[in-house]
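Hi everyone, thanks for making time this morning. I'd like to walk you through one structure, so please have a look at the screen while I talk.

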Amino acid sequence: MSFLSLNNVTYSYPNGFKAVEDITMSFEKGESVAIVGQNGAGKTTTVKLMNGLLKPAEGDVVVDGWNTKNYTTAQISRKVGYVFQNPDDQIFHSDVYSEIEFGPKKLGLPPEKVKENVMKSAELAGVVPYLEENPYNLPYSMRKFVTIASVLAMDSSVIILDEPTAGQDLPAMERLGSIIKSLNQKGKTVITITHDMEFVVNNFERVVVMANRKKVSDENKRDIFWNFEVLKQSMLKQPHISRLSHSLQLGEKILNIDEMLHHLQKIKNA
């Protein structure tokens, strides 16, 4: 039985707009999965269903044996942590330390455990130097890491990152990759929404593609990014190196620069 599953889930907003339709997908502990698709595909609605922020109109979302229909969002947050796309929708304390400690304190953890979780999460997210700062004195990109740390401090089994790469420079992208790798090594499931295909191929093996409120594919990244029918249906593009390799007709499912250089070297030596 999967740790987290969505079974034939449909959700409509109060105005009648159907945001996702008959979605079925499942995730195991320790998995790292990217969810991709154009705006309006239903990605954010799907992940909000995973942590109980939204409840399905049809179907069931089950987390570690809990049907989200039977539990509050606060209860589900013990198992599934969600980092909002916009950090300003999440931050509400006047200093970074208080922001990060809020979650574990609400969980009722002992003070020494709260402090331990805060410091470990702050270190992993790279925000230790800013613990006494007002989060709104920090740049937007760093505020995103504050919100990541605040969710990590709750030690949930599943971490959802909604567009974490938006507005980030290369060192920040590398830090995000390190966070994902560290969480996986600890047995955490990481589910990430992103429009950055290079970030996807560098950090994930499994990719779920959504389009028109439905899941259209769920495969290994190499199969996804060389499945031109799926890419056309979801209006996605290959990573830059894959597009170049395809235009050069290299004949391999190349995803990054190292693979391309290796393949060119093979051609040279042939």
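Let's begin with the lining of the second largest pocket: its residues divide into five nonpolar, three polar and six charged. Before I go on, please keep in mind that this is a predicted model. The pocket itself, the second largest, holds about 240 Å³ of space. Its lining has 14 residues, and those nearest the centre are Lys120, Ser121, Leu152, Asp155 and Lys186. Which helix gives the most to this lining? That would be helix 4, residues 111–125, with six residues.

Helix 4 also has a helical partner. It packs with helix 5 at an angle of about 145°, and the two axes are 8 Å apart. The crossing of these two helices is right-handed. On the helix 4 side you'll find Ser121, Ala122, Leu124 and Ala125, and they meet Phe145, Ala149 and Leu152 of helix 5. By class, that contact has six nonpolar residues, one polar and no charged. Two names may sound familiar: Ser121 and Leu152 are in this contact, and they were also listed among the residues nearest the centre of the second largest pocket.

Now to the largest pocket. Its volume is about 520 Å³. Here 20 residues make up the lining, with Ser77, Gln90, Phe102, Gly103 and Met154 nearest the centre. How do they divide by class? There are ten nonpolar, seven polar and three charged residues. Several elements contribute: helix 2 (73–76), strand 6 (80–83), helix 3 (96–106) and helix 5 (140–152) each supply at least two residues. The largest share is that of helix 3, with four residues.

Helix 3 and helix 5, which both help to line that pocket, also pack against each other. Their angle is about 35° and their axes are 7 Å apart. This crossing, too, is right-handed. From helix 3 come Val96, Glu99 and Ile100, and from helix 5 come Val146, Ala149 and Ser150. That gives four nonpolar residues, one polar and one charged in the contact. If you'd like one residue to click on, try Ala149: it belongs to the contact with helix 3, and it also belongs to the contact with helix 4.

On to the sheets. One is an open sheet of six strands in the order 6-7-8-3-9-10, and its pairing is mixed. Why is one side of strand 6 and of strand 10 left without a neighbour in the sheet? These two strands, the latter at 214–220, stand at the edges and have a single partner strand each, so one side of each has no neighbour there. On average, neighbouring strands in this sheet are turned by 20° against each other, direction ignored.

Within that sheet, let me pick out one pair. Strand 7, residues 158–162, and strand 8, residues 189–193, are parallel and pair over five bridges. You can locate this pairing by Val158, which stands opposite Thr189 of strand 8. Helix 5 turns up here as well: it packs on the sheet, where it touches strand 6 and strand 7, and its direction makes about 170° with that of strand 6. Helix 6, residues 170–185, lies across strand 3 (32–36), strand 7 and strand 8, and runs at about 150° to strand 8.

The other sheet I want to show is an open one of four strands, antiparallel, in the order 2-1-4-5. Strand 2 and strand 5 (66–67) are its edge strands, and each pairs on one side only. Strand 1, residues 4–12, pairs with strand 2, residues 18–27, over six bridges in the antiparallel sense. Tyr11 has Val20 of strand 2 as its bridge partner. The two strands form a hairpin with five residues between them, and Gly16 in the turn has a positive phi of about 95°.

Strand 1 is also joined to strand 4, residues 58–63, by five bridges, again antiparallel. There, Thr10 has Glu58 of strand 4 as its bridge partner. Finally, helix 1, residues 43–50, packs on this sheet and touches strand 1, strand 2 and strand 4, with its direction at about 55° to that of strand 2.

That's my tour. Thanks for listening, and I'm happy to go back to any part of it.

Conventions:
Residues numbered from 1 in each chain as written. Predicted model: local features only at pLDDT ≥ 70, side-chain atom pairs only at ≥ 80, totals over all residues. Heavy atoms only, no water. 1 Å grid on protein atoms, 1.4 Å probe; cavity = no way out; pocket = protein on both sides within 12 Å on 5 of 7 lines; lining within 4 Å. Points joined across faces, edges and corners; volume = space filled by probe spheres on them. Nonpolar A, V, L, I, M, F, W, Y, C, P; charged D, E, K, R; others polar. Pairing = 2+ DSSP bridges. Axes fitted to C-alpha atoms, helices over the stretch in contact; angles between N-to-C directions. Contact = heavy atoms within 4.5 Å. Left-handed = near helix turned anticlockwise from the far one by under 90°.
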